[in-house]
Amino acid sequence: GAFAAAVARATHDQRPNILAGRDLRDQAWSALGAPTADAARIKEKLAQARTLEFAARGRIEDAVVDFAAGLPQAQRAGVGQELRPQAKPAQPPR
């Protein structure tokens with residue numbers, strides 16, 4: 001429906017940032033196998049990846065809020081409830 005379309009549009013718009021973040025992350029993890037691992041450079045690439053990924057996530061979340069803000073209160077509440085993380089039962093120690 002309209003909600004899925006709004007999320008898909010926002011995700012599509014953020015695709016370049018998502019892909020760039022994945023590429024940086026891949027470069028960072030690949031660099032661990034280099035003859036000389038430059039820890040500072042690897043951490044820098046991971047930080048850049050996180051920045052891009054978090055920015056993309058924020059823009060997608062903003063699109064969800066913008067869409068939901070136009071809904072009647074009961075529907076907004078339902079969207080909010082569905083998007084909340086669900087509590088997971090504690091796992092026994094292994």
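E61 is partly exposed in this predicted model, with a relative accessible area of 39%. That value falls between the cut-offs of 20% for buried and 50% for exposed, which is why the residue is assigned to the middle class. E61 is part of helix α2. Its C-alpha atom is 16 Å from that of R50, a residue 11 positions away in the sequence.

Helix α2 covers residues 39-69. F67 belongs to this helix and is also partly exposed, at a relative accessibility of 24%. Because the limit for a buried residue is under 20%, F67 does not count as buried. Apart from neighbours within four places in sequence, F67 makes contact with A2, F3 and A6. In the other direction, F67 and A37 are 30 residues apart along the chain, and their C-alpha atoms are separated by 45 Å.

Helix α1 comprises residues 2-31. T11 is located in helix α1 and has a relative accessible area of 32%, so it is partly exposed. Its contacts, with neighbours up to four places away left aside, are I18 and I60. T11 and I60 lie 49 residues apart along the chain, yet the distance between their C-alpha atoms is 6.2 Å.

I60 appears again among the contacts of Q14. Beyond the residues up to four places away in sequence, Q14 touches A56, R59 and I60. Q14 is likewise a residue of helix α1. Is Q14 buried or exposed? With a relative accessibility of 9%, Q14 is under the 20% limit and therefore counts as buried. For the protein overall, buried residues amount to 18% of the 94 residues.

These residues sit in a protein with 3 helices and 0 strands, arranged along the sequence as α-α-α. The radius of gyration is 18 Å, whereas the globule rule gives 12 Å for 94 residues; the value is well over the rule, so the protein is more spread out than a compact globule. The C-alpha trace spans about 60 × 40 × 20 Å along its principal axes.

The contacts can also be viewed by their separation along the chain. Of the contacts with a separation of 6 or more, 65% are between residues 24 or more positions apart. The pair T11 and I60 is in contact and is 49 residues apart along the chain.

At the surface, the accessible area of the protein comes to about 7200 Å², and carbon and sulfur atoms account for 58% of this area. The protein has 14 positive and 10 negative charges, and the mean positions of these two sets are 5 Å apart.

Confidence in the prediction can be followed from the whole protein down to its elements. The mean pLDDT is 92 for the protein, and 97% of the residues reach 70 or more. Which of the elements has the lowest mean pLDDT? It is helix α3, residues 73-83, with a mean of 90. Helix α2, which holds E61 and F67, has the highest mean, 96. Where pLDDT is low, the predicted coordinates should not be interpreted in detail.

Key
Residues numbered from 1 in each chain as written. Predicted model: local features only at pLDDT ≥ 70, side-chain atom pairs only at ≥ 80, totals over all residues. Heavy atoms only, no water. pLDDT = per-residue confidence, 0-100. Helix = DSSP H or I, 4+ residues; strand = E, 2+ residues; numbered from the N terminus. Rg over C-alpha atoms; globule rule 2.2 N^0.38 Å. Buried < 20%, exposed > 50% of the residue type's maximum accessible area, 1.4 Å probe, protein only. Contact = heavy atoms within 4.5 Å. Areas by Shrake-Rupley, 256 points an atom, 1.4 Å probe, with all protein chains shown as cover. Lys, Arg positive; Asp, Glu negative; His and termini not counted. Charge placed at Lys NZ, Arg CZ, Asp CG, Glu CD.
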